[in-house]
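Student: Before we look, could you take me through how the strand assignments and burial labels are justified here?
Tutor: Gladly; let us set each label against its criterion.

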Amino acid sequence: MKLVFIHGAPATGKLTTARALLRAVPGRLFDNHVAIDVAQTVFDFGAPGFWELVHTVRCSVVEAAAKHDIPMLVTTYCYSASDRLQFEDLAAIMHKCHGEILPVHISCDRKEVLSRLGNSERAQRGKITTEQSLDEFNSIFVPAPAPRPNCLMLDSGVATADEMAATVVSRFGLCTSEKQSDL
């Protein structure tokens, strides 16, 4: 199994890139906000126990996908340096099942991020939609690339989601839908 770990700060285009990638290659999407939505059914955002439950959900999903031979899972994550232990837990799951974690860090300049905050889908999904909320989040969770030498760094301010997806496919040698149908 391959775990494509698309991460970056809020509003950098993680989910948009993940969707573009899944138009190019077969796989399943596990969006960051699914785990957060589960935790918010039990806890207020950030309350004691909240992040532990989010992490448990993430690990359970990755383990279940590996156990049931899902060839590729694409996940999105607002990764920061303080998440290193959680990242290592996901990497350990992938190692245990002889899988591979493929980290993709997405960034863009602040002006571009701010222009995306008003997107209606962001509001519908309970994502950050104001500059103040963004600044508060980024002051607590300092965005950083995953600690792996193979971490692919992309800038969504200079490339479209489809272009970034094509770069991910090329860099990690992923098999596109067309190639698989030829087999």
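Student: Which residue of β5 does Ile-106 stand opposite, and what makes β4 and β5 a pair?
Tutor: In this predicted model, Ile-106 stands opposite Leu-154 in β5. The strands β4 and β5 (residues 152-155) are joined in the parallel sense over four bridges, and because two strands pair if DSSP finds at least two bridges between them, the criterion is met.

Student: How do you know that β1 pairs with β4?
Tutor: Seven bridges join β1 to β4, and the two run parallel; the requirement is at least two bridges, so the label of a pair applies. Within this pairing, Gly-8 stands opposite Ile-106 in β4.

Student: Why is β4 called largely enclosed?
Tutor: Strand β4 (residues 100-107) has six of its eight residues buried, and is therefore largely enclosed by the rest of the structure.

Student: What makes β3 a partner of β1 and of β2?
Tutor: Six bridges join β1 (residues 2-8) to β3 in a parallel arrangement, with Phe-5 opposite Thr-75 in β3. Three bridges join β2 (residues 28-30) to β3, also running parallel, and there Arg-28 stands opposite Leu-73. Since pairing asks for at least two bridges, both cases qualify.

Student: How do you know that both faces of β3 are covered?
Tutor: Buried means under 20% relative accessible area, and six of the six residues of β3 (residues 72-77) carry that label. Met-72, Val-74 and Thr-76 are buried on one side, as are Leu-73, Thr-75 and Tyr-77 on the other, and both faces are covered.

Definitions and conventions: Residues numbered from 1 in each chain as written. Predicted model: local features only at pLDDT ≥ 70, side-chain atom pairs only at ≥ 80, totals over all residues. Heavy atoms only, no water. Buried < 20%, exposed > 50% of the residue type's maximum accessible area, 1.4 Å probe, protein only.
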